[in-house]
Protein chains: 2
Amino acid sequence: MRPRRREAQRAGAAAPEPRSTRYRNLVNPFEPVRIFSDDQVASMHHAALDILEHQGMRVLSARGRSVLRSAGAPVDDSSQMVRLEPGMVSKAISTIPAEVALIARNPARSCRVGGRHVVFAPVAGPPSVSDLERGKRTATLEDYRDLVRLSQAFDVIHVLGQMVEPQDTSVSERHLETSLAQLTLGDKVPHFYCRGEAQLADCFAMLCIANGIDEATFRSAPRCYSICNTNSPLQLDVPMTDGIIDFAANGQLMIVTPFTLAGAMAPITISGALTLSHAEALFGITLSQIVQPGAPVMYGSFTSNVDMKSGSPAFGTPEYAKAAFGAGQLARYIRAPWRCSSATASNAPDAQAVYESQMSLWGALLGGCHFMLHAAGWLEGGLTASLEKFILDVEMLQMFAELFQPVLASAEEIGVEAVAEVGPGGHFFAAAHTMQRYRDAFYSPLVSDWRNYGTWAADGAKTATERANERWHETLASFQPPALDAGVREALTAFVERRRREGGAPPAS
Amino acid sequence: MRPRRREAQRAGAAAPEPRSTRYRNLVNPFEPVRIFSDDQVASMHHAALDILEHQGMRVLSARGRSVLRSAGAPVDDSSQMVRLEPGMVSKAISTIPAEVALIARNPARSCRVGGRHVVFAPVAGPPSVSDLERGKRTATLEDYRDLVRLSQAFDVIHVLGQMVEPQDTSVSERHLETSLAQLTLGDKVPHFYCRGEAQLADCFAMLCIANGIDEATFRSAPRCYSICNTNSPLQLDVPMTDGIIDFAANGQLMIVTPFTLAGAMAPITISGALTLSHAEALFGITLSQIVQPGAPVMYGSFTSNVDMKSGSPAFGTPEYAKAAFGAGQLARYIRAPWRCSSATASNAPDAQAVYESQMSLWGALLGGCHFMLHAAGWLEGGLTASLEKFILDVEMLQMFAELFQPVLASAEEIGVEAVAEVGPGGHFFAAAHTMQRYRDAFYSPLVSDWRNYGTWAADGAKTATERANERWHETLASFQPPALDAGVREALTAFVERRRREGGAPPAS
């Protein structure tokens, strides 16, 4: 049953050609998996419209209520509740762009979401970071920079993000530091947090400096993205509401994502949690399309369940995968690009972390997801960014990227002649059909160890997590930041220094 | 973002109802994923027919060649090559049963393969076994018995198998010992190896004793299964050929599975490796249907790739998942129930073992697989059965079983009233909609730890693999064999003792 090694070694003597660009501009060839019937999807959509029409959402931002009132939404200022007529929602749905082209500083890093296109984004938001040597600890700016480097280093990570909250930087200056790190250590599309107009103005200004563009050019196409998490159930806070408005007004990509844990902040049923999530996403999307019809916006979903014995949130569960399939159907129902997430509740980068992440990845990607947030590094329900998990996730993402590559089945590709050449009981290592293809035939893994037990044991019997540790060390040690004009770098640094002297910008709340 | 625990604890005070039967009689609700176009599938099928017509297979069994010659196949006795006309293959395809009902000693353990039905079978064949305490070691009969106990203990494992090769038992008596263990420690459908007519006669006789049936009743429906691995490329050895004949003649389930490693024993392309596998499977299936039209038979596939740098086999790769999707399409093309596998090349029950197994599981199960061999315990390319991996796999299988449960979306299920009851910013822990459903709403995991980091760390910071170790110890410690009439047990033991005295039965080769 074992192949003959000598021939393979001979055949494989030359190193495989690099083929890193294979992991950019991913196209998902699979028909999305459906879990709900068309009638069930329509029922959930109409129940969501019912919620928006008769209950509405509490909008904490006076600016947001004012925009919605002007568009004709019934607003009750005492309760801060804003209701939406179905017609207003339908009108907004009709202007959602089906596809969004995100423009990066480096054109080779530009990417598309929607249609068959898929983007992988790193973990966002953890206050902590961990690795095998240093354990779990509060994240610093240097940790953030390391995570920008890792996100930049792997082609399969398509955009940058807020991989950790660097807590050694004040909240008034943090956006300056994280923007500077993204714009100088990376050339992929950056992420900016919505923490008030003043912070966003800084981030947008820095992006214009980095990309060498004026404000009008900036507004003409999306060059950054942000996430708006609603405060489920049925609430939208000030920075999130204002973020939707500012991103729409500036033509930048906003991803509206309710975080609906079935049984906790959402109904305990998958269909109920999805319906609430759908209502809230529709609300945010409607606000965006009121501000600017056609503004780039995505339908986000993050529906999971809790452990009903303890109340602990769970991720990557069977219910999570079901919800992902269902959310994909709801997104397609309104023809919106869809964002989903890779997630796990595991406290360690171990077997549980991997099977929960895999359940999330398959649920989302076979469900037709266009933007996969938290795709690398997420651990502990999103409270920690793990460097080993980051590498394990990159391995898994690369495997999906390979799975997305087209299969061929021409007569030449099938190789009936090769079968005749080899004959019964023979082997294909040296067949002409093999020799023409062996360099680039298969995925070459980042972490997986396929050596036999003896060789592996003699080399320290390292687990995949231990090998992932070696990979991130190597990646950081060999990291080279992308080219950036010295004048631009100076201008960015000067901007940050000036704004620091001015006290930065306190976050809105 | 965190749910309020107190309410959840109150709500969840009573233990959830047991619902183990949910994992029996699995029905896969998903439309199979397609990776090849219909034209590509037809091309591969016709290329396989071409191989069978013009090259044929080398059949080492004179008995097999004789059966095929009698049915009209051109046979060259000097080269042992047997060719099949397309018409003969088409005729065989037309009599393959679309579904097979496997009858267990305990009717509650009977199961179906084909259609939407799915069966999970444990790992088969490793010479070694491993666990965290004792490491990797040669498998013994007691290890085999432990693996029967584990396979019996979990509802999500639907049939028994040859989980390890117990090497402290001679090859002439091993089939007696493994059959005895399956028939006395379990009441699920057993697996018998094809190692010659004499061994099979023993196994069949023991099954009749255990089930209290005569030979005619035994032959009337499938009550055991076996695997025939072709010796790719294009070769079929004596015990495998004769096993196909004996299983078909006795109306028992034979699974014909070529083991085609792309680049080694098969063409380097996925379509080429699948085509060779398809040709070989069609050959075995044709033999089975010649012996008895309508005999229960499955289309097996086990196509993976090798590392072209070292020749090492790889499993659970992107290519593996592609091949699984493609094999499912080929199986449906000939309307045969389809067997696939869960596999990994990892040497440890670690993150790699899990992501490779997940790639296999999703590839097979979303590909529409009906019988998943090696679904629990497989490690190290099938050379070791790992007890921890067995438990991790059971967890993953249970997650799939849960994913297969239907979703509901009635107005009551969605719960718009519950959303109104809770209101903006509230929580659903105590909502009536939640209270009616919380006991049975979500999957309750076997290994996953959803506690917060502090609690988990204070409890020893155990990884999922370490917790899996505790689970198999607990499962074995509390194992109770299923009820078995004392007279039957005595008769089985007497049979084994008599056959031992007679020298057992040497395996055919």
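**Exercise 1. Describe the polar contacts, the salt bridges and the extent of the contact between chain B and chain A.**

Solution. In this predicted model, 40 residue pairs, both members at pLDDT 80 or more, are in polar contact between chain B and chain A. Turning next to charge pairing, one finds that the count of salt bridges between chain B and chain A is zero. As for the composition of the side of chain B that touches chain A, its residues divide into 64 nonpolar, 34 polar and 20 charged. The largest share of that side, 10 residues, comes from helix H12 of chain B, which spans residues 351-366.

The next step is the extent of the contact, to which chain B gives 118 residues and chain A likewise gives 118 residues. The size of an interface is often given as the accessible area lost when the parts come together. Here chain B and chain A bury about 10,300 Å² between them, and 69% of this area lies on carbon and sulfur atoms. Within the area that chain B buries against chain A, 8% is supplied by Tyr355(B), Phe442(B) and Trp450(B), which is more than any other three residues supply.

**Exercise 2. Work out how the two copies are related, and through which surface they meet.**

Solution. Begin with the superposition: a rotation of 180 degrees, with 0.0 Å of shift along its axis, places chain B on chain A with an RMSD of 0.0 Å. The two copies are therefore related as by a two-fold rotation axis. To locate that axis in chain B, take the C-alpha nearest to it, which belongs to Ala351(B) and lies 2.4 Å away. Finally, compare the two sides: 100% of the interface residues of chain B are also interface residues in chain A, so the copies meet through the same surface.

**Exercise 3. Which strands stand at the edges of the sheet E9-E8-E20-E19 of chain B, and what is the bridge partner of Ser130(B) in E20(B)?**

Solution. The sheet is open, its four strands follow the order E9-E8-E20-E19 in chain B, and the pairing is mixed. Strand E9 (135-138) and strand E19 (378-379) of chain B stand at the edges, each with a single partner strand, so one side of each has no neighbour in the sheet. Further in, strand E8 (residues 128-131) and strand E20 (residues 384-386) of chain B run parallel and are joined by three bridges. Ser130(B) has Ser386(B) as its bridge partner in E20(B).

**Exercise 4. Carry out the corresponding analysis for the sheet E3-E4-E2-E11 of chain B.**

Solution. Four strands of chain B, in the order E3-E4-E2-E11, form an open sheet with mixed pairing. Its edges are strand E3 (75-76) and strand E11 (235-236) of chain B, and because each has a single partner strand, one side of each is left without a neighbour in the sheet. Strand E2 (residues 57-59) and strand E4 (residues 81-82) of chain B run antiparallel and are joined by two bridges. Arg58(B) stands opposite Met81(B) in E4(B).

**Exercise 5. Where is Glu133(B) found, and which residues beyond four places in sequence does it contact?**

Solution. Glu133(B) is found in the loop between E8 and E9 of chain B. Once neighbours within four places in sequence are set aside, Glu133(B) is in contact with Asn469(B), Trp472(B) and His473(B). For Glu133(B) and Asn469(B), the separation is 336 residues in sequence, while their C-alpha atoms are 8.8 Å apart in space. The side chains of Glu133(B) and Asn469(B) are joined by a polar contact of 3.0 Å.

Definitions and conventions
Residues numbered from 1 in each chain as written. Chains lettered and ligands numbered in written order. Predicted model: local features only at pLDDT ≥ 70, side-chain atom pairs only at ≥ 80, totals over all residues. Heavy atoms only, no water. Contact = heavy atoms within 4.5 Å. Buried area = accessible area lost by both parts, 1.4 Å probe. Salt bridge = Lys/Arg side-chain N within 4 Å of Asp/Glu carboxyl O. Polar contact = N/O pair within 3.5 Å; in protein donor to acceptor, adjacent residues only side chain to side chain. Nonpolar A, V, L, I, M, F, W, Y, C, P; charged D, E, K, R; others polar. Pairing = 2+ DSSP bridges. Least-squares fit on C-alpha atoms with pLDDT ≥ 70 in both.
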